[in-house]
Amino acid sequence: MRKTYKFQIDPTPRQAKVLDRWLYLCRRLYNAMLEQRIIAWRQHRKHISQYDQMRELSELKAELPEYMEVGAQVLQDVAKRLNRSFQRFFKLGTGFPKFQGRNRYDSFTYTQAGWKFKDGRLALSKCGPIKVRWSRVIEGDIKTVTIKRRAGHWFVCFSCDDVPTPVYPAAERKVGIDLGLEALATTSDGERLENAQYLKGKLKRLRRLQRHLARQKKGSNRRIKTVHQLQRLHAKIANQRADAHHKASTKLVREYAEIHMERIDPQFMLANRRTARAAADVGWSQFKTFLQSKAAAAGRKIVEKSARDTSRECSGCGQLVPKKPRDRWHTCPHCGTSLHRDHNAAIVILNRAS
Ligand SMILES: [Zn+2]
């Protein structure tokens with residue numbers, strides 16, 4: 001199993017200056033490599049590969065000695081990154097790779113060399129040992145080490161391979177889950193897995209900061225401060241949401257052998273702006289990704305089914321019982337089944353043929 005561990009780091013002001021400079025150099029290199037590819041293609045219909053660009057790095061160092069300071073693997077990784085964004089463009093049809101502005105390019109990556117642990121610190125060559133706020137134990141083999149700048153803070157991400165997967169007790173039971181807005185998910189056993197509750201207050205604060213930002217002069221110190229506050233708040237919201245999703249998905253994978261859930265149709269979500277917004281807030285797709293990767297690692301099964309009419313169909317007799325969006329309770333006039341609508345929907349999902 002592959003896993004990434006992220007920690008905040010506390011470089012000294014001198015070290016932070018070095019890291020900032022390296023980011024600047026990597027960004028400049030990225031933009032130069034992008035330009036090189038574009039020109040080669042436009043003028044000569046020639047494709048330049050990441051390896052071509054890596055081979056030219058020693059030439060670059062001879063011409064621009066400031067690049068001697070940055071680790072060789074870090075510079076190679078810049079070429080790999082650019083190549084990945086071209087691959088995304090060709091294979092997935094995402095946007096053409098962009099020139100990177102100062103605020104967008106915010107990380108650089110080591111592989112095996114250029115870093116080591118020293119007395120509990122992360123020692124980067126030509127920068128020195130940096131204090132790390134360790135909050136958990138790293139397991140597996142460290143494949144890459146990425147240094148990130150975000151909202152005026154610095155972080156390190158260790159991406160590890162062969163992380164031992166947690167062993168869960170044997171499970172035989174199946175469960176259906178209904179993804180919702182009130183609760184993140186409701187199970188066919190009637191359990192409600194909570195969403196990030198704190199989110200509402202945070203979203204309010206988010207809107208307030210966005211209003212501030214709109215009024216502030218471009219380039220002013222106050223505006224920069226607000227931008228940082230916004231970035232920090234976004235990061236906090238994302239962290240808390242991920243935390244709730246991790247907890248809920250681990251719980252389901254631990255307890256059940258088969259998890260039946262609805263197929264998420266992005267077309268449908270986009271068709272209804274309110275639903276789409278709400279879904280974005282809840283982050284169903286992230287939750288589903290967590291569930292899928294954990295289930296795969298633990299040998300559990302995810303079964304996807306159509307969610308058509310799950311809010312109306314009666315789990316007791318199969319008849320359709322019309323409801324308004326605000327009706328939270330399912331009461332069937334045909335068979336007398338009576339339970340929360342999300343609970344009902346979860347049972348329908350579980351019993352439905354794929
Ligand atoms: Zn019924």
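1. Let's start with the sheet that has seven strands. This open sheet runs in the order E2-E6-E7-E1-E5-E4-E3, and its pairing is antiparallel. Why do strand E2 (107-110) and strand E3 (115-118) each have one side without a neighbour in the sheet? They stand at the edges with a single partner strand each, so nothing in the sheet flanks that other side. The sheet is not flat-on, either: neighbouring strands are turned by 35 degrees against each other on average, direction ignored. Keep in mind while you look that this is a predicted model.

2. Zoom in on one edge of that sheet. E3 pairs with strand E4 (residues 121-124) in the antiparallel sense, over 4 bridges. If you want a residue pair to find on screen, Lys-116 stands opposite Ala-123 in E4. Helix H1 (residues 13-44) packs on this sheet, where it touches E2, strand E5 (128-132), strand E6 (141-150) and strand E7 (153-161). The direction of H1 makes about 90 degrees with that of E2.

3. Now H1 itself. How many residues does H1 have, and how far does it reach? The count is 32 residues, and the distance from the first C-alpha to the last is 46 Å, close to the 46 Å expected at 1.5 Å a residue. Its buried residues are Trp-22, Cys-26, Leu-29, Tyr-30, Met-33 and Arg-37. Look at the spacing of those numbers with this in mind: an α-helix has 3.6 residues a turn, so residues three or four places apart point the same way. The buried residues of H1 pack against H2, H4 and E2. Right after the helix comes Arg-45, with a positive phi near 50 degrees.

4. H4 deserves the same check. Its 21 residues should span 30 Å at 1.5 Å a residue, and the end C-alpha atoms are indeed 30 Å apart, so the two agree. Which residues of H4 are buried? They are Val-74, Leu-75, Asp-77, Val-78, Ala-79, Arg-81 and Leu-82. The elements covering them include H1, helix H2 (50-55), helix H3 (57-63) and E2. Just after H4, Gly-93 has a positive phi of about 70 degrees.

5. Next, what sits inside. In soluble globular proteins, nonpolar side chains tend to be buried together. Here, the largest nonpolar core has 25 residues, and Cys-26, Tyr-30 and Val-78 have the most contacts inside it. H1, helix H4 (72-92), E2, E4, E6 and E7 each supply at least two residues of this core. Take Cys-26: leaving out residues up to four places away in sequence, it touches Val-70, Val-74, Val-78, Tyr-105 and Phe-108. There is also a second, separate core of 23 residues, with Ala-248, Phe-287, Ala-345 and Ile-349 among them.

6. Phe-7 is a good residue to click on. You'll find it in strand E1 (residues 3-10). Is Phe-7 buried or partly exposed? Phe-7 counts as partly exposed because it has 16 C-beta neighbours inside 10 Å, while a buried residue needs 20 or more. Phe-7 and Phe-155 are 148 residues apart in sequence, yet their C-alpha atoms are 5.6 Å apart in space. Not counting residues up to four places away, Phe-7 touches Val-132, Arg-133, Trp-134, Ser-135, Phe-155 and Val-156.

7. There's another sheet to look at. It is open, has 5 strands in the order E10-E9-E8-E11-E12, and its pairing is mixed. Strand E10 (192-193) and strand E12 (301-305) are the edge strands, each pairing on one side only. Strand E8 (residues 174-179) and strand E9 (residues 185-187) pair in the antiparallel sense over 3 bridges, and the bridge partner of Ile-177 in E9 is Thr-187. Helix H9 (residues 284-298) packs on this sheet, touching E8, strand E11 (258-262) and E12, and its direction makes about 140 degrees with that of E12. Helix H10 (residues 341-351) packs on the sheet too, touching E8, E9, E11 and E12, at about 130 degrees to the direction of E8.

8. Finally, step back. The protein has 10 helices and 14 strands, and it is divided into domain 1 (3-161) and domain 2 (174-195 + 244-351). The centres of the two domains, taken over C-alpha atoms, are 40 Å apart. Of the 354 residues, 25% count as buried. Among contacts between residues at least 6 apart in sequence, 65% join residues at least 24 apart.

How values were computed: Residues numbered from 1 in each chain as written. Predicted model: local features only at pLDDT ≥ 70, side-chain atom pairs only at ≥ 80, totals over all residues. Buried ≥ 20, exposed ≤ 12 C-beta atoms within 10 Å, placed from the backbone. Contact = placed C-beta atoms within 7 Å. Pairing = 2+ DSSP bridges. Axes fitted to C-alpha atoms, helices over the stretch in contact; angles between N-to-C directions. Core = buried A, V, L, I, M, F, W, Y, C linked by C-beta atoms within 7 Å. Domains from an automatic or database assignment. Expected span 1.5 Å × (residues − 1).
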